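Colleague: Hi! I have a new structure open and would like a friendly tour. Can you walk me through it?

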Amino acid sequence: APQAVLPADGEGLDLFIRPQHLHLQDPAAAAGGLNCLAGKVARLVYTGDRTDVLVDTAAGRLVVEIGDADATPREDEAVVVAWRPEHGLVFTRSPA
């Protein structure tokens, strides 16, 4: 079972998730046990068989990979970036 990671005083945390494990949801949709961050589409980058959606969130800019079959959001559209908890990797960050 996963263990809780709590930072020591002065430490921060970094969360790493592969772009293919991130999904876009409508802000009105239920999360269904997923971790979520609200954001706004900053840019779309077409790369052939997929599109990289750059989403600005309170945690910074995230890159979400979507395929041709997925609905493509518009720039400046409000979205929710969602992922399954087991797809995130958490690392402690030492103070600078």
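**A tour of the model**

Modeller: Happy to! Let's begin with one residue: Val-90 sits in strand E7. Keep in mind that this is a predicted model.

Colleague: How many helices and strands does the protein have?

Modeller: There are zero helices and seven strands. Going along the sequence, the pattern reads β-β-β-β-β-β-β.

Colleague: Okay, back to Val-90. Which residues join Val-90 in a nonpolar patch on the surface?

Modeller: Leu-13 and Leu-15 do, and the three together have about 230 Å² of accessible area.

Colleague: Why does Val-90 count as partly exposed?

Modeller: Because its relative accessibility is 40%, and partly exposed covers the range between 20% and 50%.

Colleague: Got it. What about the inside? Which residues make up the largest nonpolar core?

Modeller: That core has 10 residues, including Leu-22, Leu-44, Ile-66 and Trp-83. Several valines belong as well, among them Val-41, Val-53 and Val-64.

Colleague: Which elements give two or more residues to this core?

Modeller: Those are strands E3 (35–46), E4 (50–57), E5 (60–67) and E6 (78–83). E6 gives the most, with three residues.

Colleague: Is there a general idea behind that?

Modeller: In soluble globular proteins, nonpolar side chains tend to be buried together.

Colleague: Let me zoom in on Val-64. What does Val-64 touch, leaving out residues up to four places away in sequence?

Modeller: Its contacts include Leu-22, Val-53, Val-55 and Val-81, which are also members of the core. Val-64 touches Pro-19, His-23, Leu-24, Thr-51 and Asp-52 too.

Colleague: What share of the protein's residues is buried?

Modeller: Of the 96 residues, 21% are buried.

Colleague: New topic: rings! How many aromatic pairs does a search of the whole structure find?

Modeller: The search finds one. Phe-16 and Phe-91 make an edge-to-face pair, with 5.5 Å from centre to centre and 75° between the planes.

Colleague: Where along the chain are those two?

Modeller: They link distant parts of the chain, 75 residues apart: Phe-16 belongs to strand E1 (residues 12–16) and Phe-91 to strand E7 (residues 89–93).

Colleague: Are Phe-16 and Phe-91 buried or partly exposed?

Modeller: Phe-16 is partly exposed, at 46% relative accessible area. Phe-91 is partly exposed too, at 43%.

Colleague: Now charges. How many salt bridges are there?

Modeller: The count comes to five. One of the bridges joins Arg-61 and Asp-56, with the closest N and O atoms 2.7 Å apart.

Colleague: And which residues are linked in a network of salt bridges?

Modeller: Arg-50, Asp-52 and Glu-65 are. Arg-50 meets Asp-52 at 3.3 Å, N to O, and Arg-50 also bridges to Glu-65, where the closest N and O atoms are 3.5 Å apart. That second pair connects strand E4, which holds Arg-50, with strand E5, which holds Glu-65, and the two residues are 15 apart.

Colleague: Which of those three is buried?

Modeller: Asp-52 is buried, because its 13% relative accessible area falls under the 20% limit. Arg-50 is partly exposed at 28%, and Glu-65 is partly exposed at 26%.

Colleague: Last one: how much area does the protein expose?

Modeller: About 6,600 Å², and carbon and sulfur atoms supply 52% of that area.

Note on methods
Residues numbered from 1 in each chain as written. Predicted model: local features only at pLDDT ≥ 70, side-chain atom pairs only at ≥ 80, totals over all residues. Heavy atoms only, no water. Core = buried A, V, L, I, M, F, W, Y, C linked by side-chain atoms within 4.5 Å. Buried < 20%, exposed > 50% of the residue type's maximum accessible area, 1.4 Å probe, protein only. Helix = DSSP H or I, 4+ residues; strand = E, 2+ residues; numbered from the N terminus. Contact = heavy atoms within 4.5 Å. Phe/Tyr/Trp six-rings, centres within 6.5 Å; stacked < 30°, edge-to-face > 60°. Salt bridge = Lys/Arg side-chain N within 4 Å of Asp/Glu carboxyl O. Patch = residues over 30% accessible without salt bridge, like charges linked within 9 Å, V, L, I, M, F, W, Y side chains within 5 Å. Areas by Shrake-Rupley, 256 points an atom, 1.4 Å probe, with all protein chains shown as cover.
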